[in-house]
Amino acid sequence: MAWNGRRNGGSPRQVIFFLLCVCVWQSGAESLRYSLAEEMERDSFVGNIAQDLGLAPSQLAARKARVVSEGSQQLFRLNPSSGVLTAKESLNREEICPQSETCTLFFTLFLDNPLELIRGEVEVLDVNDNSPVFPEKKMVLEIPETTPPGFRFILESAWDKDVGINGLQNYSLGSNSYFSLALGTGKDGMKYPELVLNQHLDREEQPKINLLLAATDGGLPPRSGTALIDIVVLDANDNMPVFSREVYEVRLAENSPQGQLAVRVAATDPDDGSYGKVQYTFSRILEGSQHVFDLDPNTGEIRVKGKLDFEETKKHEMVVKATDGGGLFTQCKVQVEVVDINDNAPDIQLTSHTASIPEDAPPRTVVALFSVRDGDSGDNGRIECTIEGDLPFTLTPTFGNFYELRTNAALDRETTAEYNISIRATDWGQQRLSSVERLWVQVWDVNDNAPAFSQELYSLWVTENNRPLVRIGSVAARDADAGSNARVQYALVREEGQEQPLLSVNSESGEVYVVRSLDYERVRALEVRVRAVDGGSPALSAQAVVRVVVRDENDNAPVVLHPGGESGAGELVPRWAPAGYLVAKVVAVDADAGQNAWLSYELAKATEPGLFRLGPHSGELRTARAVAERDAARHRLVVLVRDRGQPPRSASATLAIALLNDFSDVQGRLSHEAPPAEPDHTLTLYLIACLACVSALLLATGLAALLMKVRRDRRKRAEPLPTFPTAVADSDAGSLPRSLVYDVCLATGTLSSDFRFLGPFLPCFPA
């Protein structure tokens, strides 16, 4: 009979022959329980997982359903197209779970999208496929004829690999008149046969007795095994060996070396001679224990000769027989408890692993799933898992011995692009053992970083009169992201209504170019904003300011503001003027800047070079010495104004200087002068004519200067003036301050003139 248990119960149906059943239960939505009889054929049906979970088979396939058995062997197979769980091979319960009442195999069902883990178990049911077996088919007992009735002889027990009702249940003895059979029960609950003597033996009457011992299990049909007992009746040996204890109990660590003494059993016989000499043998010992322990027949020492393994056998039980020379023997039990030591490191089994996650993955994102096992017991098998190093990951226990590796903080690919995660599993033994599983997790890049300029302000320069599309520098922005998210393109930021910019920027390299030729006198500086945009979606951007300073070239010659006109200006100097007397100030400006606008003044030509000197930086014309009577009345000076550019540029101005005796009453004093003792009328006539000519010349010169001034003013109004400093007094090109600007005003019909200091520079001409 086979039973298929569902969540809501299920109904029984006959599938195969007697007592072979398969039971399936699913408890809630977290565990599946099935059962399968041992020795079933390969690919035997275990259960329909899809039906028990209420899922269509297509859903199992879509969610990548898979079954992982605990342990190194994968005993089950899941057909994702049908949802049927089958056994990969025939299961032998005695090999899988020896000496165990129940045999349960655990597996885990993994489902993706979303990740779901369902624990399952399959109980392997025992069938009566093994008969009881005695260690020896023939047992020989030598019993002295003096043995009193009621004496019990412990016989070797049979062994049945099956368990439960299918295991060993009863012993029976063939019919005879001397012996009966009794059953004893050990501390472990196992039954063993005892041969009970019912009446005195008489060697002369019957020296040998043959008995048949049968062991029967409880299966249907029952199985049995037999052993022949040959009893040899010995002549009188009235003392039997006696052990000091009936049961010897000892504890041994599983790492005990070979040759280590486990226990020494001792039996004494008061008889003399060969009847008092005792020999020790194992009368009953399990097959697994025979390879582990060795008994010295003379001393009774039991030593370790094999490897003790707590994980294989936790307890060894043996029966030692002490026999004297007369054939009398007695028996005792030796129980060896194997003490577990921490000799197994934890085992980490990776079940699911995500190799890469995006850097914007939320905290608590599952990265991996794994299980840990330790073959030891107690604290030696207790495991704790940790992550080595300070990493943004944490371990979360799920059910059983499974752990989830999750993120516990936000990830940043720009800080750490990949993680080498070392998971260490450590047990709690006195000498702690551990194992390490290493996982690599890569972090995907997302566009979470805007481009960043190396500078907020880029200061560049270009010399005026440049050629169009000249490269003057570059801007650079870096994006901490990767791939297309880090690809940066540049563009100028233009507002609506803004004129065509004078600069351009290469979209790929960030190189800055000047579109056309610049003039320092019109544009001295430029300032634009450059935007850097990455290739992410959505795109991120940043801005920087590019300031371009136009450097001046010496492309403008100095311009003389005073004296003006093509023919220069006239200045009047009294003859009593001392040395250092201020005659005039030459005022000039240069539209360039810096060194190109630094002006120097020098006298290029003079009627009398030693009479006047010109300040090289101020442009002030002063007398170099006191004016003498012998000095000529008219002087003409040519002033050269030069800048300091490379190559230098220059301009010139002409000054006409007249030396006068008196500004106010020159004519009166000339008319009242006393003639010599004998006046010369002819000379006087000549002097009057010369004076009239000079007056007419002065009047014509004034009129001509006035006309030229008017013409120049009209021409200047028609043409744009070059760019000069707003106030001449504020210029550092050698201009005369406002407080020192002066002019000469002449009145018609007189030789007198007033020399006045004025505020602003305003020409004054006669009305």
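Here a student and a tutor talk through a predicted model.

Student: What makes Cys-97 and Cys-103 a disulfide?

Tutor: Start with the cut-off: two cysteine sulfur atoms count as a disulfide when they lie within 2.5 Å. The S to S distance for Cys-97 and Cys-103 is 2.1 Å, so the pair meets that definition. In general, such a link is a covalent bond between the sulfur atoms of two cysteines. A search of the whole structure finds 1 disulfide.

Student: Why is this disulfide called right-handed?

Tutor: Look at the torsion about the S-S bond of Cys-97 and Cys-103: it is about 60 degrees, so the disulfide is right-handed.

Student: Are these two cysteines buried or exposed?

Tutor: The word buried is used under 20% relative accessible area. Cys-97 has 13% relative accessibility, so Cys-97 counts as buried. Cys-103 has 1%, so Cys-103 counts as buried too. Another cysteine, Cys-385, is at 13% and therefore counts as buried as well.

Student: How do you know that Cys-693 is in no disulfide?

Tutor: Its nearest cysteine sulfur belongs to Cys-690 and is 6.3 Å away, whereas a disulfide needs the sulfur atoms within 2.5 Å. As for accessibility, Cys-693 has a relative accessible area of 54%; exposed means over 50%, so Cys-693 is exposed.

Student: Now a sheet. Why do β25 and β29 count as edge strands?

Tutor: Good one! The open sheet has 4 strands in the order β25-β27-β30-β29, with antiparallel pairing. β25 (347-353) and β29 (393-397) each have a single partner strand, so one side of each is left without a neighbour in the sheet. Neighbouring strands here are turned by 30 degrees against each other on average, direction ignored.

Student: What makes β25 and β27 a pair?

Tutor: Pairing requires at least two bridges. β25 is joined to β27 (residues 366-373) by 6 bridges, and the two strands run antiparallel, so the requirement is met. One of the bridge partners in β27 is Arg-373, which is matched with Asp-347.

Student: Last topic: what lines the largest cavity, by class?

Tutor: The lining has 7 nonpolar, 2 polar and 1 charged residues. Among the lining residues are Ile-143, Phe-151, Met-240 and Leu-328, and such residue types count as nonpolar. Glu-142 is in the lining, and Glu counts as charged. Strand β9 (residues 138-144) gives the largest share of the lining, 3 residues. About 30 Å³ of space lies in this cavity, and the structure holds 1 cavity of 30 Å³ or more.

Notes. Residues are numbered from 1 along each chain as its sequence is written. This is a predicted model: local features need pLDDT of at least 70, side-chain atom pairs count only at pLDDT 80 or more; totals for chains, interfaces and linings use all residues. Side-chain values use heavy atoms; hydrogens and water are left out. Buried means under 20% relative accessible area, exposed over 50%, partly exposed in between (1.4 Å probe, protein chains only). Axes are lines fitted to C-alpha atoms, for helices over the stretch in contact, and angles run from 0 to 180 degrees between N-to-C directions. On a 1 Å grid over the protein atoms alone, a cavity is a set of points where a 1.4 Å probe fits but cannot get out, and a pocket is an open set with protein on both sides within 12 Å along at least five of seven lines; lining residues have an atom within 4 Å of a point. Grid points are joined across faces, edges and corners, and a volume is the space filled by probe spheres set on the points.
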